Structure formats: C-alpha cells, structure tokens
Amino acid sequence: MLLEHKTAIVTGATRGIGHAIATRFAKEGCNVAFCGRTRNDKMIAVEDELKALGVKAKGYAADVADYQSAQEFVKAVLADFGSVDILINNAGITDDSAVKRMTEEQFDRVVGTNLKSVFCMTKAIQPSMWKQGHGSIVNIGSVVGIAGNYNQANYAASKAGIIGFSKSCAKEFAARNIRVNVVAPGFVETEMTADIPKELMDTWCSRIPMKRPGTPDEVAKCCVFLASDMSSYITSVVLPMCGGMEDA
Ligand code: NDP
C-alpha cells in the first residue's frame with residue numbers, strides 16, 4: 001500500500017472529489033482527518049465508511065476559508081492523530097456569472113473560499129511539517145485556472161492564484177523536504193457540476209479528446225501519486241487531469 005503509516009488531512013471530503021480522495025487514501029492504508037462546514041449525518045457516514053476500510057478516520061466541522069477555524073481544525077487533528085504527513089486542499093465552490101453581471105460579493109466569496117482556504121490551511125500545517133522535516137501538500141486547482149473560462153472569472157482567478165501560491169510555497173519549503181504540487185482537473189462529474197444541462201455537458205465532452213468527463217477517483221489517483229513517496233523528487237508541478245484538453 002502506497003500510504004501506509006501516513007496521516008492525511010483532506011479538506012471538503014463530505015462528497016465529490018474530496019470524498020473520493022479520502023476513500024482512495026484509506027484504501028492505501030492512510031489515516032484520514034477530513035472536514036466539511038458542518039458535522040452532519042453525511043460526515044458521520046463518510047467517517048464510518050473510512051473506518052470500515054481499517055484506518056483511523058475522523059470528520060471535523062471547519063470553515064477552511066476562515067483563518068481561526070483552519071488553525072483550530074489543524075490543532076485538533078494534531079492532538080487526535082499525533083502528526084500529519086499529507087495535506088490535500090480540496091474544498092472549493094463556484095458561483096458563476098459573466099464579469100458584466102458578477103457582483104463584488106460573488107468574486108469575494110469564490111476567491112475567499114478557494115484561494116484563501118489554501119493559505120489558511122498551509123499556514124496552519126506548515127509549523128508541524130517544518131518541525132518533522134517532511135510533508136506533501138497537494139492543492140486542487142483546475143484547468144480553468146490555466147486557460148480561463150466563460151462565466152468563471154472569479155473561479156479562474158482563484159485557481160490561478162492557487163498555482164502561484166503553491167509554486168512559491170514549493171520554493172520556500174523545499175529545503176525542509178516539504179513538497180507542494182497542484183492537480184488541475186478538467187471536467188469531473190460531481191454535485192458541483194450536477195446542474196449543468198445535458199446538452200451543454202455533451203458539447204463540452206465532444207471537445208475533450210478523450211470524449212468523456214473525468215471521475216473523482218481519477219483525481220484521487222493523481223493525489224495518491226503526489227502524496228506518496230513515489231513522487232519524492234517532484235515539487236512545484238501542476239498536473240493537468242483533463243483527458244487531453246488542449247488549453248491545459
Ligand atoms: P463539491 O461541491 O461536490 O464538494 C465540495 C466540498 O468542499 C464539500 O465537501 C464541501 O463540504 C466542501 N467545502 C466547501 N466550502 C468549504 C469551506 N469553506 N470549508 C470546508 N469545506 C468546504 O465539489 P467537487 O468535489 O466537484 O470539487 C472539489 C474540488 O475540485 C474543488 O476545489 C473544485 O474547485 C475542484 N474541481 C472540480 C472540478 C469538477 O468538474 N467537479 C473540476 C476542477 C476542479 P460542505 O458542503 O459539507 O461544507
């Protein structure tokens with residue numbers, strides 16, 4: 001197993017890609033601490049699912065876009081699990097609109113959640129990773145952060161920001177054996193994309209060379225590689241996971 005004896009934090013693992021990452025990590029023998037904004041039945045169900053795979057697992061209510069909440073989340077995880085080897089910054093939201101109609105609130109909310117959460121969680125975990133002299137941080141970006149997209153300027157800005165932030169951290173942390181990389185998925189079918197009309201989805205898929213959306217588990221497998229010792233000399237990379245889309 002690729003992640004045996006390791007502990008990971010996965011943000012936003014109550015559903016979608018985060019849930020797939022937590023599940024795949026548990027199958028690779030990794031203990032998993034995860035969060036969503038509220039501790040509800042869904043969170044408890046995910047916790048039970050992960051435990052049934054034979055690892056230690058716990059869900060926490062935390063708003064990772066809030067500095068104090070992120071600090072408290074990481075403090076609680078370190079108290080419960082002892083140490084953290086891997087941080088997956090996955091939590092994210094969309095609130096799409098053309099720039100012409102986009103409100104300040106829409107911009108602030110999306111950038112404030114997607115980009116600031118990566119800063120908050122990196123700040124919170126960095127001292128313990130620095131002290132232990134190893135760590136792998138994987139930030140979930142998007143091909144939209146590389147290529148831009150109609151109606152997603154706020155989301156594209158947040159994901160492009162994640163790339164710049166990650167590459168800067170990779171440089172600052174490399175000498176302490178802490179690696180920082182980005183996985184940039186293309187179109188992945190989750191609740192986030194569930195409202196997209198079928199005709200639009202078909203049009204998008206027809207433009208993807210592999211002619212289909214990615215799955216959450218395919219994102220999870222990239223994260224296993226970047227989190228594990230299989231990628232021990234890889235830092236500061238952006239790994240597009242998009243079925244060959246040209247722009248990425
Ligand atoms: P979902 O909407 O299905 O899930 C988002 C998760 O993030 C939920 O678990 C949610 O938990 C959590 N979350 C949101 N905001 C916060 C917050 N402030 N604090 C803590 N948890 C939070 O999204 P996906 O699984 O589709 O996306 C996951 C990541 O992948 C995102 O970063 C997204 O941008 C990225 N991505 C997705 C693509 C896609 O096509 N689906 C493509 C490219 C990138 P809860 O609601 O319980 O708080």
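## A pocket, a ligand and an aromatic pair

Reader: How many nonpolar, polar and charged residues line the second largest pocket?

Author: Happy to start there, and keep in mind that this is a predicted model. Lys-6, Asp-85, Arg-179 and Asp-229 are among the residues lining the second largest pocket, and Asp, Lys and Arg count as charged. Ile-86 and Ala-227 also belong to that lining, and Ile and Ala count as nonpolar. By class, the lining comes to two nonpolar, six polar and four charged residues.

Reader: What volume does the second largest pocket have?

Author: Good follow-up! His-134, Gly-135 and Ser-136 are among the residues that line this pocket. Its volume is about 160 Å³.

Reader: Which residues come nearest to the ligand?

Author: The ligand has 29 residues around it. They divide into 12 nonpolar, 12 polar and five charged. Those that come nearest are Thr-14, Arg-37, Asn-90, Tyr-155 and Thr-190.

Reader: How far is an oxygen atom of the ligand from an N or O atom in the side chain of Thr-190?

Author: Let's look at some polar contacts, where the cut-off for a pair of N or O atoms is within 3.5 Å. An oxygen atom of the ligand is 2.8 Å from a polar backbone atom of Ile-17. A nitrogen atom of the ligand is 2.8 Å from an N or O atom in the side chain of Asp-63. For the side chain of Thr-190, the distance from a ligand oxygen to an N or O atom is 2.5 Å.

Reader: How much of the ligand's accessible area does the protein cover?

Author: On its own, the ligand has 900 Å² of accessible area. The share of this area covered by the protein is 94%.

Reader: How many residues apart in sequence are the parts that Phe-119 and Phe-165 tie together?

Author: The structure holds five aromatic pairs. Phe-119 and Phe-165 form an edge-to-face pair, with 6.2 Å centre to centre and 80° between the planes. Phe-119 lies in helix H4 and Phe-165 in helix H6, so the parts tied together are apart in sequence by 46 residues.

How values were computed: Residues numbered from 1 in each chain as written. Predicted model: local features only at pLDDT ≥ 70, side-chain atom pairs only at ≥ 80, totals over all residues. Heavy atoms only, no water. 1 Å grid on protein atoms, 1.4 Å probe; cavity = no way out; pocket = protein on both sides within 12 Å on 5 of 7 lines; lining within 4 Å. Points joined across faces, edges and corners; volume = space filled by probe spheres on them. Near = heavy atom within 4 Å. Polar contact = N/O pair within 3.5 Å; in protein donor to acceptor, adjacent residues only side chain to side chain. Areas by Shrake-Rupley, 256 points an atom, 1.4 Å probe, with all protein chains shown as cover. Phe/Tyr/Trp six-rings, centres within 6.5 Å; stacked < 30°, edge-to-face > 60°. Helix = DSSP H or I, 4+ residues; strand = E, 2+ residues; numbered from the N terminus.
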